[in-house]
Amino acid sequence: MKDTGEDRRPARPGRRNIIRGLGLAAGGLLAGGAGFATEQAWRREDPPTPASAASVDSWQPPDRQVDVIWAVNTRRRLVALTFDDGPMERWTPQALDALDEAKAPATFFMVGSRLARNARLVEGRLDRHEVGNHTWKHDDLSKLSLAHARRSIHRTHRTIEEVTGRAPTLLRPPWGRLGGTTLHVAAEHGYDLVLWSLLVQDRRLGHEPAEMVAAVVDNARPGTIVLGHDVGAASRETAVAQLPAMIRGLRGRGFEFVTVSQLRRAAI
Ligand SMILES: [Zn+2]
């Protein structure tokens, strides 16, 4: 359940791979064994997407549309703070304390298995907040079959409902990775997908806390969705440790805080 890369974008096939693909076709036709060697190298570097995730041919299309939201177009100075990967003993209570102190709502995208284990950390503390689905074990949804994606998302859905008394309506795919199966299961659950438009940078990448706070405060726009983590390596703690400073800075620029669903209701 290691989570090291919310800030990484999924790799896209680059020109080099396309060229290698052509080389493979030519090698296969012209040189036999040489083509095989090229194919091995190509596969090693760029494993194919499993057919289970890539193919949607045999499915009935869902009867509901799924929105994908990076930010919301609004004229009001509203920002949604979001925290991923909890709840865990380390940092989730600290994040909730800071939000309580500031009376600021946030949206927590929770990992179902962690919520099942650590429900006591959040019980009775989520009234002003929203909880979204972040899969059962921080799963890479771009690689799951329809059946597996369904289990991961549905189990988490049920756990959130049991612990919070509210059914979630938002899904954030871990690392922002998704496949056709993700869209299908999201439609079945009546979910929309929430990504982010502003990331609280990881200290590992050389950003000092004060710089990171300034980057969030200066770059927020009406409708921004900020992504931080309430779980992870020490280098990631900034999002929680600096939360009071971020809230003060953003309020100083006239921003108010809302959950993601509240932000959507303020859309133009
Ligand atoms: Zn995550």
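Which residues in helix 5 meet T156, T159, I160 and V163 in helix 6? Keep that one in mind while you set up the view; this is a predicted model, and the tour circles around helix 6.

**Stop 1: helix 6 on its own**

Select residues 146–164, which make up helix 6. You should have 19 residues, spanning 27 Å from the first C-alpha to the last, close to the 27 Å expected at 1.5 Å a residue. Now colour the buried positions: L146, A149, S152, I153, T156, H157, T159, I160 and T164. To see what covers them, bring up the surroundings, which include strand 3 (107–110), helix 5 (112–122), strand 4 (130–133), strand 5 (170–171) and helix 7. Before moving on, step just past the end of helix 6 to G165, where phi is positive, at about 80 degrees.

**Stop 2: helix 5 against helix 6**

Add helix 5 and look at the pair. The two helices pack at an angle of about 10 degrees, and their axes are 9 Å apart. The cut-off for roughly parallel is under 35 degrees, so helix 5 counts as roughly parallel to helix 6. Time to settle the opening question: the helix 5 residues are G112, L115, A116, A119 and V122. Colour this contact by class and you get 6 nonpolar residues, 3 polar and no charged ones.

**Stop 3: helix 7 against helix 6**

Hide helix 5 and select residues 180–189 for helix 7. Here the packing angle with helix 6 is about 40 degrees, with the axes 9 Å apart. That makes helix 6 and helix 7 oblique to each other, and their crossing is right-handed. On the helix 6 side, show L146, A149, R150, I153, H154 and H157; on the helix 7 side, show T181, H184, V185, E188 and H189. By class, the contact of helix 6 with helix 7 has 4 nonpolar, 5 polar and 2 charged residues.

**Stop 4: T135**

For the last stop, go to the loop between strand 4 and helix 6 and pick T135. Is T135 buried or exposed? Its relative accessibility is 0%, so T135 counts as buried. Show its neighbours: leaving out residues up to four places away in sequence, T135 touches M110, V111, G112, L141, S152, T156 and P174. Some of these have come up already. G112 and T156 take part in the contact between helix 5 and helix 6, while S152 and T156 are among the buried residues of helix 6.

Notes. Residues numbered from 1 in each chain as written. Predicted model: local features only at pLDDT ≥ 70, side-chain atom pairs only at ≥ 80, totals over all residues. Heavy atoms only, no water. Axes fitted to C-alpha atoms, helices over the stretch in contact; angles between N-to-C directions. Helix = DSSP H or I, 4+ residues; strand = E, 2+ residues; numbered from the N terminus. Parallel < 35°, antiparallel > 145°, perpendicular 65-115°, else oblique. Left-handed = near helix turned anticlockwise from the far one by under 90°. Contact = heavy atoms within 4.5 Å. Nonpolar A, V, L, I, M, F, W, Y, C, P; charged D, E, K, R; others polar. Expected span 1.5 Å × (residues − 1). Buried < 20%, exposed > 50% of the residue type's maximum accessible area, 1.4 Å probe, protein only.
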